Amino acid sequence: MKLFISFILLITTMNAIDLKPWKGRIEQLSEEEKYVLINKGTERPFVGKYTDTTDGGVYTCKICQTPLYKSDDKFKSSCGWPSFDDAIAGAVKRVPDADGRRVEIVCAKCGGHLGHVFEGEGYTDKNTRHCVNSISLEFNKKDDAKVDNLSKAYFAGGCFWGVEYYLEKLDGVKEVHSGFMGGHVKNPSYYEVVRSNTGHLEAVEVIYDSSKISYKMIAKTFFEIHDPTQANGQGPDIGEQYLSAVFVNNENEKNTIRELISQLKQNGFDIATKILEKQEFYKAEEDHQNYYNKKGTKPYCHGYRKRF
């Protein structure tokens with residue numbers, strides 16, 4: 001009976017959005033792909049293949065292979081699904097969702113379900129977020145994709161969960177990883193850093209597009225989302241692994257941090273932040289990545305305060 005009902009629902013939906021021309025492609029879909037593309041289901045958050053991809057290329061419809069989104073319009077929203085602030089002209093159609101509250105997005109050519117679109121959230125200048133299921137897409141990577149503008153920066157400001165939470169919201173920041181830097185133990189675990197003297201600081205690796213945001217702007221934000229005057233930790237987190245520091249890649253970054261610290265001192269702040277040479281970065285375990293977004297809560301010892 002269950003299979004019969006599913007079959008009826010599938011045929012009904014197919015007729016409603018006229019998927020007959022792509023019958024062969026549909027027959028090759030997995031049950032999960034049919035659940036999302038045909039029956040308008042939703043993929044679980046943070047598990048999709050394309051949630052955090054940053055490669056250059058074009059995303060196409062899984063059913064009819066029509067180009068839908070360009071990688072240039074993809075951004076990090078930490079919502080758990082791939083996010084785009086624009087679609088290829090005419091490729092995506094908006095329709096009222098059956099729940100009466102949201103706006104659904106479908107492939108304009110075949111009607112395959114993609115996800116939902118939201119406006120007014122302020123993630124990018126376009127103020128639009130196409131929240132798309134990875135399973136609805138295929139990705140055609142450009143062999144000549146430009147990656148020259150991608151750079152990495154490293155900051156430590158107490159619990160890495162909070163630093164990651166705020167820095168990954170910056171427009172132009174592609175990814176932020178929580179991890180460890182500055183110690184003498186290779187591949188340390190979270191509990192080794194917390195419970196033993198490995199010498200590491202909880203730090204974040206920021207991957208950003210230097211054509212969209214400068215190192216200086218990221219560093220300024222870093223100084224305004226934690227307390228750079230606290231010398232023994234951050235908030236209630238006390239200990240060497242929670243000290244404030246910037247790990248610099250070169251002299252230009254070092255001079256930028258010195259300039260910002262000088263400005264902060266002129267503004268009356270007694271800065272405890274250390275400037276250290278970049279060392280090997282060790283990414284923390286997966287359950288420490290995107291911690292607050294997964295938990296649905298906000299940082300307990302980080303928050304924005306204007307200092308410049």
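In this predicted model, strand 1 (residues 57-61) and strand 2 run antiparallel and are joined by three bridges. One pairing is easy to locate on the structure: T60 has P67 in strand 2 as its bridge partner. The two strands belong to an open sheet of three strands, ordered 2-1-9 and paired in antiparallel fashion. Strand 2 (67-70) and strand 9 (137-141) each have a single partner strand and stand at the edges, so one side of each is left without a neighbour in the sheet. From one strand to the next, the twist averages 30°.

A parallel arrangement appears further along the chain, where four bridges connect strand 15 (residues 244-248) with strand 16 (residues 274-277). Here V248 finds its bridge partner in strand 16 at E277. Between these two strands the chain passes through helix 7 (residues 251-266), giving a β-α-β crossover that is right-handed.

Helix 7 also takes part in helix packing, with helix 6 as its partner. Two packed helices are described by the angle between their axes and the distance between the axes. For helix 6 and helix 7, the angle is about 40° and the axes lie 10 Å apart. Because angles under 35 degrees count as roughly parallel and 65 to 115 as roughly perpendicular, helix 6 is classed as oblique to helix 7. Their crossing is right-handed. On the helix 6 side, the contact is made by Y215, K216, A219, K220 and F223, while helix 7 contributes E253, T256, I257, E259, L260, I261, Q263 and L264. Sorted by class, this contact of helix 6 with helix 7 holds seven nonpolar, two polar and four charged residues.

Helix 6 (residues 215-225) has a further packing arrangement, with helix 4 (residues 160-167): the two axes come within 10 Å and cross at roughly 130°. That angle makes helix 4 oblique to helix 6, as only angles over 145 degrees would count as roughly antiparallel. Helix 4 passes helix 6 in a right-handed crossing. The residues that meet are V163, Y166 and L167 from helix 4 and I218, T221, F222 and I225 from helix 6. By class, the contact of helix 4 with helix 6 comprises six nonpolar residues and one polar residue, with no charged residues. The contact of helix 6 with helix 7, by comparison, includes four charged residues.

Definitions and conventions. Residues are numbered from 1 along each chain as its sequence is written. This is a predicted model: local features need pLDDT of at least 70, side-chain atom pairs count only at pLDDT 80 or more; totals for chains, interfaces and linings use all residues. Side-chain values use heavy atoms; hydrogens and water are left out. Two strands pair if DSSP finds at least two bridges between them. A crossover is right-handed if, with the strands pointing away from the viewer, the path from the first strand over the helix to the second runs clockwise. Axes are lines fitted to C-alpha atoms, for helices over the stretch in contact, and angles run from 0 to 180 degrees between N-to-C directions. A crossing is left-handed if the near helix is turned anticlockwise from the far one by less than a right angle, and right-handed if clockwise. Contact means heavy atoms within 4.5 Å. Ala, Val, Leu, Ile, Met, Phe, Trp, Tyr, Cys and Pro count as nonpolar, Asp, Glu, Lys and Arg as charged, and the others, Gly among them, as polar.
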